[in-house]
Structures are given as C-alpha cells and as structure tokens.
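Here is a short report on a protein–DNA model. It takes the fold of one chain, then each DNA strand, then one helix.

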Number of protein chains: 2
Amino acid sequence: MLNNRSEVDLDLVFQALADRTRRAIVARLCEGPASVSELAKPFPMSLPAIVQHLQVLETSGLVSSEKIGRVRTCSVVPATVRLAESWLGARRSVGERRLDRLEAFLATQPEPKPESHERPPTIPPRSTP
Amino acid sequence: MLNNRSEVDLDLVFQALADRTRRAIVARLCEGPASVSELAKPFPMSLPAIVQHLQVLETSGLVSSEKIGRVRTCSVVPATVRLAESWLGARRSVGERRLDRLEAFLATQPEPKPESHERPPTIPPRSTP
DNA sequence: ACGATTGTTAAGCACATACTTAAGTATTCG
DNA sequence: CGAATACTTAAGTATGTGCTTAACAATCGT
C-alpha cells in the first residue's frame with residue numbers, strides 16, 4: 001500500500017539529495033523560504049539550471065513552492081526530510097541491534113582481543129586471515 | 001577541510017541510496033554480512049547487475065567487502081549510514097528551530113482576531129505529522 | 001505604456017546510469 | 001583431473017541527468 005509508495009518516494013528523495021547544489025538549496029530553505037532568484041544567487045550556473053534543480057526537489061516532495069505575482073517562493077517540506085532520515089534510522093537501529101548482539105557475545109568470551117570496528121568509509125577492512 | 005570531503009561523499013552516498021535495489025541490499029546487509037550471490041538471489045536481474053550495484057555501494061562507503069577463497073562477503077558500514085542520517089538530522093533541527101521561533105512569535109500575539117483581509121499564512125502553525 | 005524584473009519553456013549536448021549478454025578467471029569438490 | 005561454483009570483466013544499449021543558450025511570458029514600478 002503505502003510501502004510501495006514510500007519506496008518510490010525514497011528513490012526521488014535520495015536522488016534529489018544526491019546533488020551538492022540541491023543539498024545547498026535545501027539547507028538554505030531550512031533557514032526560511034526564499035524566491036527562485038534569491039536561491040540562484042550563490043551558484044555559478046544559469047537560472048534555468050536552478051529552476052530545474054527546484055523541479056527535481058519539488059517532484060521529490062522535499063520542497064514546495066507557491067507563486068505570488070511574479071515571484072515564486074519556495075519552502076522546505078520537513079516531513080519529507082524526516083522520511084529519508086527515518087529510513088536511515090531504521091537501518092541504523094537494526095545494525096545497532098546486531099552490534100548489541102555482537103557485544104553480548106563478546107562479553108561471554110574470556111579474551112577481549114580488541115578489534116577495530118569503525119573505519120573511514122573508503123578504506124577497505126584489514127584482512128585478518 | 002573535511003567539509004569538502006564530506007560533501008563529495010554525500011553525493012555518492014545519496015546517489016547510492018537513490019535506487020530501490022541498492023536500498024534493499026543495504027537493508028539486507030544490516031541484518032548481517034552476505035555473499036554476492038546470496039545478495040543477488042531475491043532480485044530479478046543478472047548477477048553482473050548486482051555486482052555493479054555493489055560497486056556503487058562500496059564506492060560510496062556504505063558497504064565494505066572482503067574476498068575469501070571464491071566468495072566475497074559484504075557488510076554494511078554503519079558510519080556511512082550515520083553520515084547521511086546526520087546531514088538530514090542537521091537540516092531537520094534547523095527547521096525545527098525555525099518552527100520553535102514561529103511558535104514563540106505566535107505566542108506573543110495577543111488577539112487572534114483577524115480584522116485585516118491580508119493573505120492568511122500559507123503554512124499553518126502546527127504541521128501535519 | 002515602457003522597460004526592467006522574475007521566472008518559464010524548449011532544444012540540444014556531453015556524460016552518467018542501469019541494465020544486458022558473452023566470455024573469462026579462480027577456487028572448491030568429487 | 002574435470003566439472004561445478006562464485007564471481008569478474010568487457011562491451012553494448014537505452015534511458016536519464018546536469019547543464020547550456022535562446023526565446024518567451026507575466027508582472028511591477030514609473
């Protein structure tokens with residue numbers, strides 16, 4: 001039902017967030033609503049490019065906008081930010097459950113041989129053969 | 001500094017998450033490590049396609065893997081999941097600060113008697129959950 | 001009414017993505 | 001050894017993305 005819809009939405013939401021410019025726009029809108037040209041000002045690209053980014057953001061549901069007169073005012077949609085955040089939170093909590101189980105297991109072991117468990121992302125794990 | 005690097009990483013992380021199949025792989029790996037063909041089993045696509053998805057995930061830092069013998073074992077990298085989550089959390093908290101400010105402002109308004117026919121606020125005081 | 005401001009639409013281009021099939025490489029097992 | 005297993009690599013293809021420039025509204029101040 002809404003599971004399917006959420007999945008579709010998440011595609012669009014994460015896709016929208018997968019761009020530095022769009023993340024900057026979202027960050028800016030979190031400080032308060034802004035017009036299109038106001039949003040465009042910091043970026044070294046054409047205004048139509050920004051409009052396209054805004055379309056992506058609006059299609060994803062991260063941003064909403066309303067045009068009054070000749071100025072379109074954009075705002076962030078917190079619920080959508082929360083949607084993405086909660087997907088990640090759900091994954092993390094599962095991982096932590098697992099980590100808890102691992103720790104519980106290690107607590108039963110007599111020799112606490114320290115192993116690194118958190119590495120920087122791009123560095124491959126040390127092989128322990 | 002590391003800000004720049006984080007931004008670059010976030011591009012890759014959100015891009016990696018912007019695909020239903022890859023999110024399902026991450027979700028599966030949050031339950032525990034798995035081999036490539038084990039990961040491929042639920043999906044109606046070729047094994048090379050899954051390998052390509054895994055490369056995207058590994059490049060993003062969301063997944064790490066190690067090959068032992070002929071089987072490659074993949075695991076999730078919780079720190080990277082947290083990286084994405086915390087970016088969203090930071091945005092959300094800014095938005096909530098704003099909402100707090102709005103609510104504080106509304107609290108200072110003595111008479112909610114609407115005698116002006118100004119355009120009513122487009123965003124209601126309390127957001128829908 | 002005129003011109004400046006603010007945004008929109010359309011077309012096009014270079015490059016990236018999500019697959020496919022086909023063929024190859026190790027590694028394990030009988 | 002030889003066959004099955006578990007990937008890996010390469011090449012091709014269709015579609016999507018992130019821009020650009022050019023031309024076109026609509027609205028506002030004077």
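## Fold of chain A

In this predicted model, residues 24 or more positions apart make up 52% of the contacts in chain A that have a separation of 6 or more. Chain A contains five helices and three strands. Along the sequence they run α-α-β-α-α-β-β-α. Chain A has 129 residues, and 33% of them count as buried.

## Surface near DNA strand C

DNA strand C has 20 residues around it. The nearest are Ser37(A), Arg70(A), Arg72(A), Ser46(B) and Gln52(B). Both protein chains therefore appear in that list of nearest residues, given the 4 Å limit for being near a strand. Sugar or phosphate supplies 71% of the strand C atoms within 4 Å of the protein. Bases supply the rest.

Several side chains reach phosphate oxygens of DNA strand C. Ser37(A) places a polar side-chain atom 2.3 Å from one. For Arg22(B), the distance from a polar side-chain atom to a phosphate oxygen is 2.9 Å. A side-chain N or O atom of His53(B) lies 2.7 Å from a phosphate oxygen. The elements giving two or more residues to this surface are helix H3 (36–40), H4 and strand E3 (71–76) of chain A, along with H4 of chain B. H4(B) gives the most, with four residues. By class, the surface near DNA strand C holds eight nonpolar, six polar and six charged residues.

## Surface near DNA strand D

DNA strand D is surrounded by 19 residues. Ser46(A), Gln52(A), His53(A), Ser37(B) and Arg70(B) are the closest. Of the strand D atoms that come within 4 Å of the protein, 70% belong to sugar and phosphate.

Two of the contacts with DNA strand D go to phosphate. A side-chain N or O atom of Ser46(A) is 2.6 Å from a phosphate oxygen. For Lys67(B), the corresponding distance to a phosphate oxygen is 3.4 Å. Arg70(B) goes to a base: an N or O atom of its side chain is 2.7 Å from a base oxygen. Helix H4 (47–60) of chain A gives two or more residues to the surface near DNA strand D, as do helix H3 (36–40), H4 and strand E3 (71–76) of chain B. H4(A) gives the most, with four residues. The residues of this surface comprise seven nonpolar, six polar and six charged.

## Helix H4 of chain B

H4(B) is the helix that gives the most residues to the surface near DNA strand C. What span should its 14 residues have, at 1.5 Å a residue? Helix H4 of chain B covers residues 47–60, so the expected span is 20 Å. The C-alpha atoms at its ends are 20 Å apart, which agrees.

Which residues of H4(B) are buried? They are Ala49(B), Ile50(B), His53(B), Leu54(B), Leu57(B) and Ser60(B). These residues lie on the same side of H4(B), because they cover an arc of only 140° around the axis. The general rule is that an α-helix has 3.6 residues a turn, so residues three or four places apart point the same way. His53(B) is thus one of the buried residues of H4(B), under the 20% limit on relative accessible area, which counts protein chains only. The side chain of His53(B) also has an N or O atom 2.7 Å from a phosphate oxygen of DNA strand C. Just after H4(B), Gly61(B) adopts a positive phi of about 90°.

How values were computed. Residues are numbered from 1 along each chain as its sequence is written. Chains are lettered from A and ligands numbered from 1 in the order in which they are written. This is a predicted model: local features need pLDDT of at least 70, side-chain atom pairs count only at pLDDT 80 or more; totals for chains, interfaces and linings use all residues. Side-chain values use heavy atoms; hydrogens and water are left out. The expected span of a helix is 1.5 Å times one less than its number of residues. Buried means under 20% relative accessible area, exposed over 50%, partly exposed in between (1.4 Å probe, protein chains only). The arc is that of the directions from the helix axis to the C-beta atoms. A polar contact is a pair of N or O atoms within 3.5 Å; within protein, one must be able to donate a hydrogen and the other to accept it, and residues adjacent in sequence count only if both atoms are side-chain atoms. Ala, Val, Leu, Ile, Met, Phe, Trp, Tyr, Cys and Pro count as nonpolar, Asp, Glu, Lys and Arg as charged, and the others, Gly among them, as polar. Contact means heavy atoms within 4.5 Å.
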